[in-house]
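Biologist: Before I rely on any label attached to this protein, I would like to hear how each one was reached. Could we go through them with the structure open in front of us?

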Amino acid sequence: MLDHGSLAKIVSGSSAFPIILAPVSLDSFLLVDGGLTNNVPCDVAKDMGADFIVAIDVGSKIINLSNNFNPLVYLGQTVNTLAYLSDTKNIELADVLIRPDIGSISSADFDSMDVLIQKGYKGTKAYLNKIRPYGNRKKPSPDFLSSSIDELNHTRIRKIQFLTDQNTKPFVMKREMRLNEGDLWNSALAKRSVKNLFSTGLFKSVYISLKKVDKDSADLIVEAVENVKNSFSFGTRYDSEKKARAFISAKYGNLFGVGIDTKFYLIASDQYRRLAWDLRNSRIFTTTLTGYFSFYNEYENIPLYRKSKRVTFGEFSRIGFESNAGFQIKRVGLSSIGIKFEHVSVDSVLQSIPQSKYGVGSIIFRILVENTDHYDLPTKGRINNIFYEHSISEDELKHFDKISVESTVYETYSEKYTFSTHLRFGYLTSAFSYYELFRLGGMSSLPGYHQDELWGNLVLSLGLGYRAPLTFGSYYRFNFMCGNVWNNIEDFNWREIKVGFGAGFVVPTPIGPITADYGFDLSGHKLLYFSIGHHF
């Protein structure tokens, strides 16, 4: 029984349902949902001096699991089973035992709250005569709550203390706070501060509490538990266009305790390889600037097509670095400016794609906004990516400008019908090699064509998608896209727009979604697409 300490941590621990939520550390304890061992704590009430105990037993009844496949139901019944002995022992200590008729409603059913309240009210009415003599008719003043809130809002913050379980520097936490020493307490700003701290990605839990110093002032205690710094990940993916590929990644977070994340990763397949080292900082020291640096080596062995038939492969490799700084956009986006330098090597057996080696430097500007709710199957949100690149060279023949605009928006209606819209536009004034051109083709950009089958200096595409549940855990989807590529703006012709349609299904799995689609266009192109695994 906990009767002192951080109320926020105690409540979090009390709701830490096993497997679903991690235990909460408090002093030398690891707290979990008390229902695991004592779901009807009459013995605790007895120890605290209660002379009349009313117990309500709402433990879920055993139901036929085969007809209700739900992991939460399994977990709920596991907890009920583990707590059975302590529950039955403690129930005997109750003077009044109320067992509302909740039928087959389980502890995992969060949509039946109003029904449960009514059943509880009905179940209690039968015992009112027995309970009334022990009822305490003294009620708090109706002004109690408002006066307590008013006192809290007039409490001045004397000092802010930052407590972490590792080595995050205090200024990293302080820069995210919207409350400062000397300010009056403000609940809205406190919530904003907690949200900011979580958004850094450094912490898995954050607790804020006030420690009274005197009637008008208090110390603000900010206690945070950091995420694991070291992480190692790997994965694989197969799709019918790019074949098998795999990645391996090693990450060390919060370098030097100042919020810098560093990551090494390798993506490898027969057609594509990328080895990179990235450094990211969500905020540079106490400024609002973000920072990013990447050193990379990339290789592509790209299928080249003519009239939808593969004629050969072309090799394209580059080694370079990119560095930029920018500003966050409401924690879901980034506006940045930076520099990039690459050394490029081109090799091809086609006379139309000459071999070459060259170096190029450029200034880049990017605006990226992403707030989708799911990586594989988003139901709401948007992804907007605006990119501009301008070359830096004394040689006028190496001057170029490149602009790319992409926007995808997801909206869901009636909680199951998801629509998406897609827009893509890109223009490159000149290209040093064939492989710098924009690419188009594939199920997500132009159904009926191979992945990256079409190449050009100018690209334009528009699309509409639809997804809905098919059966338990699977979805069907349709995709409509129109677009094309051209060598330059002067060649643009609306009549050359290609129109593609796609239809298929998606099955989410622990290793990533399994997809199968059929795509075709109005000119006779048709293709089957298949993939398994997360996209990377």
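Modeller: Let us begin with the surface, where accessible areas come from the Shrake-Rupley method with a 1.4 Å probe. On that basis the accessible surface of the chain comes to about 31800 Å², and carbon and sulfur atoms hold 59% of it. Please keep in mind throughout that this is a predicted model.

Biologist: Why is Lys-243 called partly exposed?

Modeller: The label of partly exposed applies between the limits of 20% and 50% relative accessible area; Lys-243 has 39% relative accessibility, and therefore counts as partly exposed. This lysine belongs to strand 9, which covers residues 243–255.

Biologist: And what makes Lys-307 exposed?

Modeller: Exposed means over 50%, and because the relative accessible area of Lys-307 is 78%, the residue is exposed. Lys-307 sits in the loop that links strand 12 (289–306) to strand 13 (309–329).

Biologist: What is the phi of Lys-243, and what is that of Lys-307?

Modeller: Lys-243 has a positive phi of about 65°, although it is not a glycine, and Lys-307, likewise not a glycine, has a positive phi of about 55°. The background to this is that most residues other than glycine have a negative phi.

Biologist: How do you know how the chain compares with a compact globule of 536 residues?

Modeller: The rule for a globule is 2.2 Å times the number of residues to the power 0.38, which for 536 residues gives a radius of gyration near 24 Å, whereas the chain has 30 Å. The C-alpha trace, taken along its principal axes, spans about 100 × 55 × 40 Å.

Biologist: What makes a group of residues a nonpolar core here, and which members of the largest one touch the most others?

Modeller: The members must be buried nonpolar residues such as Val, Leu, Trp or Tyr, joined through side-chain atoms within 4.5 Å. The largest such core has 20 residues, of which Val-346, Tyr-435, Leu-440, Leu-446, Leu-454 and Trp-455 touch the most other members. Several strands each supply at least two residues of this core, including strand 14 (333–347), strand 15 (356–370) and strand 22 (475–486). Apart from it lies another core, of 16 residues, with Val-172, Met-173, Leu-220 and Val-222 among them.

Biologist: Which residues does Leu-446 touch, leaving out those up to four places away in sequence?

Modeller: With contact taken as heavy atoms within 4.5 Å, the partners of Leu-446 include Leu-440, Leu-454, Met-481, Cys-482 and Tyr-529.

Notes:
Residues are numbered from 1 along each chain as its sequence is written. This is a predicted model: local features need pLDDT of at least 70, side-chain atom pairs count only at pLDDT 80 or more; totals for chains, interfaces and linings use all residues. Side-chain values use heavy atoms; hydrogens and water are left out. Helices (H or I, at least four residues) and strands (E, at least two) are DSSP runs, numbered from the N terminus. Buried means under 20% relative accessible area, exposed over 50%, partly exposed in between (1.4 Å probe, protein chains only).
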